[in-house]
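Student: I have a new structure open and I don't know where to begin. Could you walk me through it?
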Amino acid sequence: MDPDATVARLRSLLLPRRLLLLPLLWSGLALGTLPSGSGSHRVLYDLLSEQQLLEVEDLSLTLLQGGRLGPLSLPPDLPDLDPECRELLLDFANSSAELTGCLVRGARPVRLCQNCYPLFQQVAAKMDNISRAVGNTSESPSCARSLLMADRMQIVVILSEFFNSTWQKANCANCLTNKSEELSNSTLYFLSLFNHTLTCFEHNLQGSIHSLLQLRNYSEVCKNCREAYKTLSSVYNEMKKLNEHENKAEPGTHLCIDVEDAMNITRKLWSRTFNCSVPCSDTVPVIAVSVFILFLPIVFYLSSFLHSEQKKRKLILPKRLKSSTSFANIQENSN
């Protein structure tokens with residue numbers, strides 16, 4: 001028997017009496033049947049005809065066996081999305097899933113900006129479509145209101161803010177062109193030098209690459225890859241200075257996370273793993289300046305001593321001694 005047809009017939013017959021019927025009906029069905037001699041059965045016979053009673057029992061058995069009432073049991077004013085809004089929501093969901101997978105896969109080593117910027121732009125475009133979209137008719141609410149402001153959670157807004165926050169913390173804009181359509185030339189050049197340096201490390205390793213962290217002689221790596229490492233470090237420092245110069249009003253700004261992580265990996269391999277060092281090219285001037293500063297106080301005091309005026313000591317006789325001496329001289333002359 002079709003449950004929907006049964007419900008329709010039952011509604012027309014039993015709506016005024018359903019509050020009375022349901023307790024009696026379910027009390028009998030809890031025992032598995034409705035005995036003909038029970039009080040519940042007699043009450044039902046008084047209220048319904050035999051055909052109506054059979055329909056009620058058939059409907060109850062359908063419910064117990066996992067049947068459903070169908071759409072007639074749902075409120076007629078249940079809110080639903082317009083086809084256009086549902087399409088926009090599915091597009092945003094698919095784009096968000098792709099971007100999330102890209103971010104997780106590029107977590108270590110960090111490859112967020114260089115691998116995920118097309119997907120981030122796609123998610124941003126889908127969010128803009130939702131914000132600007134309006135329903136098919138002038139009377140229907142906008143999709144932005146239905147998808148962004150219809151509930152307390154606002155899942156779509158939370159996801160969009162998470163993606164924007166992640167992108168800003170990674171400073172991916174510093175790796176891209178002004179329109180964020182592709183990687184900048186400086187970023188591409190740095191990444192090519194980074195790959196070249198890692199290739200040099202790999203080709204000059206002595207022993208198995210799996211025993212990289214053990215104490216070994218990496219003199220060949222230090223010797224043959226010194227120029228590649230110096231070039232990479234120099235380009236990184238230039239990019240950092242340029243970024244600080246362009247963002248003077250925003251102190252503490254960084255390069256994009258991909259570039260910083262690549263440089264950190266290279267420096268750890270060079271100094272900690274390979275125990276290499278880059279000799280300073282201007283050692284002689286540094287030593288000369290240090291020696292000059294060290295001897296500067298000595299030169300100062302020595303020059304002060306040589307050029308200062310030396311005061312001569314003069315013997316000053318007392319007046320009594322001077323007068324007595326003069327008197328003795330007079331006596332000596334008189335004699």
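Tutor: We can start with the chain as a whole and then turn to some helix contacts and single residues. Please keep in mind that this is a predicted model.

Student: Okay, how many helices and strands are there in the protein chain?
Tutor: The secondary structure of the protein chain comes to 14 helices and 0 strands, and from the N terminus on each element in the run is accordingly written as α.

Student: And what share of the residues is buried?
Tutor: Of the 335 residues in the protein chain, 29% are buried. The chain exposes about 23800 Å², and 58% of that area is supplied by carbon and sulfur atoms.

Student: What about contacts between residues 24 or more positions apart?
Tutor: Among the contacts in the protein chain with a separation of 6 or more, 66% are between residues 24 or more positions apart.

Student: Let's look at a helix pair. At what angle do α9 and α11 pack?
Tutor: Helix α9, residues 185–203, and helix α11, residues 226–246, pack at an angle of about 155 degrees, and their axes are 9 Å apart. Angles over 145 degrees count as roughly antiparallel, and α9 and α11 are therefore roughly antiparallel to each other. Their crossing is left-handed.

Student: Which residues in α9 and α11 meet there?
Tutor: From α9 the contact takes in S186, Y189, F190, L193, F194, H196 and T197, and these meet A228, Y229, T231, L232, V235, Y236 and M239 in α11. By class, the contact has 10 nonpolar and 4 polar residues, with no charged residues.

Student: Then how do α11 and α12 cross?
Tutor: The axes of α11 and α12 come within 11 Å and cross at roughly 145 degrees, and α11 passes α12 in a left-handed crossing. On the α11 side the residues are R226, Y229, L232, S233, Y236, N237 and M239, while α12 brings V259, E260, M263, T266, R267 and W270. By class, this contact has 7 nonpolar, 3 polar and 3 charged residues.

Student: Staying with α11, is N243 buried or exposed?
Tutor: N243, which is found in helix α11, has a relative accessibility of 7% and so counts as buried. Not counting residues up to four places away in sequence, N243 touches N174, T253, H254 and L255.

Student: And E227, buried or exposed?
Tutor: E227 also lies in helix α11, but E227 is exposed, with a relative accessible area of 53%. E227 and T197 are 30 residues apart in sequence, and their C-alpha atoms are 9.2 Å apart in space.

Student: Switching topic, what does D261 in α12 contact?
Tutor: D261 has its place in helix α12, residues 257–273, and counts as buried because its relative accessibility is 9%. Leaving aside neighbours within four places in sequence, D261 is in contact with R108, P109, V110 and R111.

Student: What kind of peptide bond joins R108 and P109?
Tutor: R108 and P109 are joined by a cis peptide bond, with omega about -15 degrees. P109 is found in the loop between α5 and α6.

Student: Last thing, where does Q154 lie, and what is its phi?
Tutor: Q154 lies in the loop between α7 and α8 and has a positive phi of about 55 degrees although it is not a glycine. At 28% relative accessibility, Q154 counts as partly exposed. N275, in the loop between α12 and α13, has a positive phi near 55 degrees and is likewise a residue other than glycine, and at 64% relative accessibility N275 counts as exposed.

Conventions. Residues are numbered from 1 along each chain as its sequence is written. This is a predicted model: local features need pLDDT of at least 70, side-chain atom pairs count only at pLDDT 80 or more; totals for chains, interfaces and linings use all residues. Side-chain values use heavy atoms; hydrogens and water are left out. Axes are lines fitted to C-alpha atoms, for helices over the stretch in contact, and angles run from 0 to 180 degrees between N-to-C directions. Helices (H or I, at least four residues) and strands (E, at least two) are DSSP runs, numbered from the N terminus. Angles under 35 degrees count as roughly parallel, over 145 as roughly antiparallel, 65 to 115 as roughly perpendicular and the rest as oblique. A crossing is left-handed if the near helix is turned anticlockwise from the far one by less than a right angle, and right-handed if clockwise. Contact means heavy atoms within 4.5 Å. Ala, Val, Leu, Ile, Met, Phe, Trp, Tyr, Cys and Pro count as nonpolar, Asp, Glu, Lys and Arg as charged, and the others, Gly among them, as polar. Buried means under 20% relative accessible area, exposed over 50%, partly exposed in between (1.4 Å probe, protein chains only). Accessible areas come from the Shrake-Rupley method with a 1.4 Å probe; for residues, only the protein chains shown count as cover.
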